[in-house]
Amino acid sequence: MLLAIDCGNTNTVFSIWDGKSFLCTLRTSTHHARTADAYFTWFTTLINHYGIEPNITDVVIASTVPRVVWNLRVFADRFFGVRPLVVGKPECLLPQTPRVDPGTQVGPDRLANAVAAFDRHGGDVVVVDFGTATNFDVVAEDGAYVGGVIAPGVNLSLEALHMGAAALPHVDITQPERVIGTNTVACIQSGVFWGYTGLIEGITARIKAEYGRPMKVIGTGGLAPLFAQAEDLFDSIEDDLTMHGLTVIHAYNKENGSI
Ligand SMILES: Nc1ncnc2c1ncn2[C@@H]1O[C@H](COP(=O)(O)OP(=O)(O)OP(=O)(O)O)[C@@H](O)[C@H]1O
Ligand SMILES: CC(C)(CO)[C@@H](O)C(=O)NCCC(=O)O
Ligand SMILES: [K+]
């Protein structure tokens, strides 16, 4: 079985793939100081809770935080005797080479999103991924990642307002009833919710105009469903897109003998 690990700037997600489906998905906060032993304690507690008896033979990692990879490598080696495949490292093959400016280190989560979007939909896709950042990943006709957009994430924007303005509280994102807020919390929620709705509509329209061919728009990440309920922003919402990309990248490397 394959253990796929998606390490974001905020959260780290582990999923176990048995070749057909994900048996479970476990989430923890991202901390570079978390040790291999701490990962294993947390991991075994949860899989016991779910009654799963995995036989981990392979590990694939995508990490947007380079420092956490060391402890995850030790975790894979010590407890499963596995040398993990790390997306973005030169030894990890990709089905299509990204077409970006020389020297650009594309986020491994974006590479996985592109591979997954091509596998499921063919090319000509925009992925909108709501994580720490809100990023748009453009996938060409042949499946190559060809660039995109990075905007501050929704929770980061809410936090920045609270940090930067003495009279503004921390609020949780939700869809406000009205655009014109009649109290401070409603005003902030309106600004961020309708601001992001406009950002998604505006940026996808501009990407499509610049790209010049019909494109599908796929939403992923924790907040995609919240934004989808207000407007018709996405052709589909796929929670497991990044994880699916990791399984496809892993299979591709197996087939091509690089692991
Ligand atoms: N209504 C909501 N309000 C606030 N946060 C929400 C809501 N719904 C989902 N979330 C958050 O979305 C997050 C899951 O999103 P996702 O895993 O895509 O990104 P992340 O973990 O925040 O970012 P990264 O992948 O960059 O670490 C969870 O942390 C969850 O708290
Ligand atoms: C944009 C984020 C933060 C999204 O997780 C990540 O993919 C990243 O750190 N990317 C590196 C820069 C780039 O993708 O161009
Ligand atoms: K993510």
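**Two ligands and their surroundings**

Modeller: An oxygen atom of ligand 2 is 2.8 Å from a backbone N or O atom of Gly107. This is a predicted model, where local features need pLDDT of at least 70 and side-chain atom pairs pLDDT 80 or more, while totals for chains, interfaces and linings use all residues. Residues are numbered from 1 along each chain as its sequence is written, chains are lettered from A and ligands numbered from 1 in the order in which they are written, and side-chain values use heavy atoms, without hydrogens and water.

Colleague: Why is a pair of N or O atoms called a polar contact?

Modeller: The cut-off is 3.5 Å: a pair of N or O atoms within it counts. Gly107, at 2.8 Å from ligand 2, therefore qualifies. The side chain of Asp109 places an N or O atom 2.5 Å from an oxygen atom of ligand 2. For the side chain of Arg110, the distance is 2.9 Å. The protein covers 73% of the 380 Å² of accessible area (Shrake-Rupley method, 1.4 Å probe) that ligand 2 has on its own.

Colleague: Which residues are around ligand 2?

Modeller: They are Asn9, Thr64, Gln105, Val106, Gly107, Asp109, Arg110, Asn135 and Ile150. Each has a heavy atom within 4 Å of the ligand, so it counts as near. By class, 2 are nonpolar, 5 polar and 2 charged. Gly counts as polar, so Gly107 falls in that class.

Colleague: What makes the space taken by ligand 2 a pocket?

Modeller: On a 1 Å grid over the protein atoms alone, a pocket is an open set of points with protein on both sides within 12 Å along at least five of seven lines. A molecule sits there if more than half of its atoms lie within 2 Å of its grid points. The space taken by ligand 2 is the largest pocket. The space taken by ligand 1 is the largest pocket too.

Colleague: How do you know that Asn9 makes a polar contact with ligand 1?

Modeller: A backbone N or O atom of Asn9 lies 3.4 Å from an oxygen atom of ligand 1. That is within the limit, so the pair counts. Backbone atoms of Asn11 and Phe130 lie 2.7 Å and 3.0 Å from ligand 1 oxygen atoms. The protein covers 64% of the 620 Å² of accessible area that ligand 1 has on its own.

Colleague: Which residues come nearest to ligand 1?

Modeller: Of 13 around it, Thr10, Asn11, Arg27, Thr132 and Gly222 do. The shell has 3 nonpolar, 9 polar and 1 charged residues.

Technical notes
A polar contact is a pair of N or O atoms within 3.5 Å; within protein, one must be able to donate a hydrogen and the other to accept it, and residues adjacent in sequence count only if both atoms are side-chain atoms. On a 1 Å grid over the protein atoms alone, a cavity is a set of points where a 1.4 Å probe fits but cannot get out, and a pocket is an open set with protein on both sides within 12 Å along at least five of seven lines; lining residues have an atom within 4 Å of a point.
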